[in-house]
Amino acid sequence: MSAADAFIRARRVDDPELRLVVVPHAGGSGNVYYPMSRHLPSSWDLLLLDLPGRGRRYTSPPLADMRAIVDRVTDDVLSVDDATPIALFGHSLGAVIASETARSLQAEGTAPVWVGVSGRQAPMLQPANRLLDPSLSDVELARRLGRLGGLPDRLDELPEFRDRFLRLIRADLRALDSYRPDPQRRPLRCPLTVFASTEDVMAPPSGASAWGRETTGHFRQRVFDGGHFHFLGGTFPDFTETLATEIQHALGAVEAAVPGA
């Protein structure tokens with residue numbers, strides 16, 4: 001499978017104004033974010049990433065090291081780059097991957113125009129708690145995921161799928177445990193928006209402002225009601241429209257900074 005095949009394309013867009021890369025949460029497939037396609041500008045190309053071990057990469061072994069994941073996703077994004085502006089959004093595990101991939105792309109001379117992060121403490125903060133730990137038993141890990149709203153429907157009715165899903169979750173959690181950001185690394189230069197939610201025990205909104213240290217670009221915060229997966233349901237349209245507004249704000253700032261624009 002080529003790197004470009006790692007993405008689910010929700011719709012065909014010729015000559016797009018922007019490519020929005022969405023990185024899913026731990027255990028998640030890009031398919032979960034498919035509803036975004038109905039609430040974004042028609043000129044945007046939506047690329048929903050499948051990390052190894054799920055979705056379009058079902059047969060590939062999952063990666064349990066954050067550096068290896070970021071290197072893989074950087075290659076994935078570069079494989080579809082054609083000078084079209086790139087924006088990245090990630091939730092939870094995806095927030096770390098999106099922000100670090102953005103740094104990697106910036107170092108390659110392909111800096112994104114915007115980064116959005118959700119459901120994760122800023123890199124230099126300790127996680128709010130260790131609610132999810134890869135050493136937990138299957139029963140306890142599933143119970144805690146259920147409390148967060150992060151379990152697929154009817155999981156217990158499909159034991160083989162349940163076991164595979166929990167192995168995938170463990171690999172993702174180990175990747176997060178391997179994450180050791182260098183405090184001396186260069187910050188992003190693009191605008192960055194952090195999306196927080198009022199009842200998120202994994203990433204309380206009180207710590208959202210710390211993401212501002214990750215960029216020298218414009219920084220914005222948006223806070224929603226709900227828990228860790230607050231937007232995966234009836235509020236998905238409103239959340240997506242807010243996300244699109246943030247990207248449009250960033251694109252406007254870029255255009256205003258270009259002489260003669």
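**Sheet, helix pair and cavities**

Let me start at one edge strand. β1 and β3, which covers residues 44-49, run antiparallel and are joined by three bridges. In that pairing, F7 sits opposite L49 of β3. One caution before I go on: this is a predicted model.

Now the whole sheet. It is open, and it has seven strands. The order reads β1-β3-β2-β4-β5-β6-β7. The pairing is mixed. What stands at the edges? β1, residues 7-9, and β7, residues 219-224. Each has a single partner strand, so one side of each is left without a neighbour in the sheet. As for twist, neighbouring strands are turned by 20 degrees against each other on average, direction ignored.

Next, the helix on the sheet. That is α2, residues 93-107. α2 touches three strands: β2 (18-23), β4 (86-91) and β5 (114-118). The direction of α2 makes about 155 degrees with that of β4.

α2 also packs against another helix, α1, residues 66-79. Two packed helices are described by the angle between their axes and the distance between the axes. Here, the angle is about 60 degrees, and the axes of α1 and α2 are 9 Å apart. Their crossing is right-handed.

Which residues meet? From α1, take M66, R67, I69, V70, V73, T74, V77 and L78. From α2, take L93, V96, I97, E100, T101, S104 and L105. By class, the contact of α1 with α2 has 10 nonpolar residues, three polar and two charged.

On to empty space. How many cavities of 30 Å³ or more does a search of the whole structure find? Two.

The largest cavity first. The space in it is about 80 Å³. It is lined by 16 residues, and the closest to its centre are R120, V194, F195, A196 and A203. β5 and β6, the latter residues 192-197, are the elements that give two or more residues to this lining. Which gives the most? β6, with four residues. By class, the lining of the largest cavity divides into nine nonpolar, five polar and two charged residues.

Then the second largest cavity. Its volume is about 30 Å³. The residues lining it are W114, P191, L192, T193, H218, R220, E246, H249 and A250. At least two of the lining residues come from β6, and at least two from α5, residues 236-257. α5 gives the most here, with three residues. The class split for this second lining is four nonpolar, three polar and two charged.

To tie up: β6 gives the most to the lining of the largest cavity, and β6 also supplies at least two residues to the lining of the second largest. α2, meanwhile, packs on the sheet and against α1. That is my tour. Questions, please.

Definitions and conventions: Residues numbered from 1 in each chain as written. Predicted model: local features only at pLDDT ≥ 70, side-chain atom pairs only at ≥ 80, totals over all residues. Heavy atoms only, no water. Pairing = 2+ DSSP bridges. Axes fitted to C-alpha atoms, helices over the stretch in contact; angles between N-to-C directions. Contact = heavy atoms within 4.5 Å. Left-handed = near helix turned anticlockwise from the far one by under 90°. Nonpolar A, V, L, I, M, F, W, Y, C, P; charged D, E, K, R; others polar. 1 Å grid on protein atoms, 1.4 Å probe; cavity = no way out; pocket = protein on both sides within 12 Å on 5 of 7 lines; lining within 4 Å. Points joined across faces, edges and corners; volume = space filled by probe spheres on them.
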